[in-house]
Amino acid sequence: MIRIWSGAMRRKVLFAVICGLLFLGGTPAARAGDYAQPQEHDAVLKNFIFHSGEVFPELRVHYRTIGDPKGQPVLVLHGTAGTGQSMLAPWFAAELFGPGQPLDARKYYIILPDAVGVGKTTKPSDGLRAKFPAYNYDDMVLAQYRMVVEGLGLKHLRLVLGHSMGGMQAWLWGVTYPEFMDAIVPMASQPTAMSSRNWMMRRMITDAVRNDPAWKNGDYTEQPQHFRLVNVYFNLATSGGSLAYQAKAPTRAKADALLEGMLAKRTKMDANDFLYQWSSSADYDPSAKLDQIKARVLVINAADDERNPAESSLMRESLRRIPHAAYYLIPASAETYGHGTTMHAKFWKKRLAAFLDELPRPR
């Protein structure tokens, strides 16, 4: 027998389904990872002066925002070769920005810039190629500061949080603009001079560009190819986690398959942009000014970080010079990702939430 449902019956069934969804974990709007869609913006910075003294009449800084501009502003900074868009990956943003999460976008105003030289921010491949100013991390932070002040009209930040290069820039924010933020959370980074294996590997990949005959001092007609191979080598050597790789590739055959997959990935990366990005870290060193930091600090690193080895005493020695600093070291496991671990917020979001709860009230 075919039953024809009345409008009243359909409404009862719909009500029952909604109640079931609530019982099982909430409506879609309450699930982890749901937050307002990012809004895209550009700030055009007039007469931008690089650390070298070179002046750009107009430097464009692209950025994304999530949430109400009246919320507490949080600046989130990406790693080398990433963009603000990369911080919207589900393993990062979906763990942080949704309802009830540590950086709930209903409470916080999330700001995600593209650093100088990448994404939709002004970069060498926009036209100047190797004639582009040789920028460094100080220039990147200055551009971020001017974007926040001139583009968004903000006078204070609740938090600056960053991963890898973004972590190093968070340290620079702390020493350069000590009164501008309540807290900084540098991740996968150290507040010490670029050195050791971290720099040696960077030297190798930038030399791979400069020594490629196809580079032609930046005036190539086709993208040089050497740096793409060396970039895979660099990532294998300095990110991913030893235990994780052993779990993923316990035999030579599986290791070969994993490597072949990495080599087969196509990238649209420009060689000049690549060279500038990795060279920009050469003079990074906030160590002389650590005692000037006034913000509360939560350092988050991974025990299997290949670029910032936990067995070094550099981090703990540095923290002794900072009045309000805490250190959270994520234990290594087959589930972590070495230097890339802190991009996976599940490992540290509870610690961040506790840190934010302990902060003094916003100004």
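The points below go through a predicted model, from the whole chain to single residues.

1. Overall dimensions. The chain of 363 residues has a radius of gyration of 23 Å, and this agrees with the value near 21 Å that a compact globule with that number of residues would have. Taken along the principal axes, the box filled by the C-alpha atoms is roughly 80 × 55 × 45 Å.

2. Secondary structure and contacts. Eleven helices and eight strands make up the list of regular elements in the chain. When contacts between residues at least 6 apart in sequence are considered, 78% of them join residues at least 24 apart.

3. Burial, surface and charge. Of the 363 residues, 49% count as buried, while the accessible surface of the chain comes to about 17900 Å², with 56% of that area belonging to carbon and sulfur atoms. The chain carries 43 positive and 34 negative charges, and the mean positions of these two sets lie 8 Å apart.

4. Strand β5 and its neighbours. Strand β5, residues 157–163, is largely enclosed by the rest of the structure, because seven of its seven residues are buried. Strand β3, residues 72–77, runs parallel to β5 and is joined to it by four bridges, and strand β6, residues 181–187, also pairs with β5 in the parallel sense, over six bridges. Leu161 gives a convenient place to inspect both pairings: Val76 stands opposite Leu161 of β5, and in β6 the bridge partner of Leu161 is Val185. In a regular strand the side chains alternate between the two faces of the sheet.

5. The residue after β5. Ser164 lies in the loop between β5 and α4, the helix of residues 165–176. The phi angle of Ser164 is near 60°, which is a positive value in a residue other than glycine. Is Ser164 buried or exposed? With a relative accessible area of 4%, Ser164 falls under the 20% limit and is therefore buried.

6. The loop between β4 and α3. This loop, which runs between β4 (108–113) and α3 (137–151), holds Lys123, and Arg129 lies in the loop between β4 and α3 as well. Lys123 has a relative accessible area of 17% and so counts as buried, the cut-off being under 20%. Not counting residues up to four places away in sequence, Lys123 touches Gly117, Val118, Phe132 and Asp273. Arg129 is partly exposed, with a relative accessible area of 30%, and its backbone deserves a look in any check of the model: phi of Arg129 is near 50°, a positive value in a residue other than glycine.

7. Ala295 and its surroundings. Ala295 is found in the loop between α9, residues 271–279, and β7, residues 296–302. Its relative accessible area is 3%, so Ala295 is buried. Which residues does Ala295 touch, not counting residues up to four places away in sequence? They are Pro178, Met181, Asp182, Ala183, Ile184 and His324; residues 181–187 form strand β6, so that strand β6 supplies Met181, Asp182, Ala183 and Ile184 to this set of contacts. Ala295 and Gly167 are 128 residues apart in sequence, and their C-alpha atoms are 15 Å apart in space.

How values were computed:
Residues numbered from 1 in each chain as written. Predicted model: local features only at pLDDT ≥ 70, side-chain atom pairs only at ≥ 80, totals over all residues. Heavy atoms only, no water. Helix = DSSP H or I, 4+ residues; strand = E, 2+ residues; numbered from the N terminus. Buried < 20%, exposed > 50% of the residue type's maximum accessible area, 1.4 Å probe, protein only. Contact = heavy atoms within 4.5 Å. Rg over C-alpha atoms; globule rule 2.2 N^0.38 Å. Areas by Shrake-Rupley, 256 points an atom, 1.4 Å probe, with all protein chains shown as cover. Lys, Arg positive; Asp, Glu negative; His and termini not counted. Charge placed at Lys NZ, Arg CZ, Asp CG, Glu CD. Pairing = 2+ DSSP bridges.
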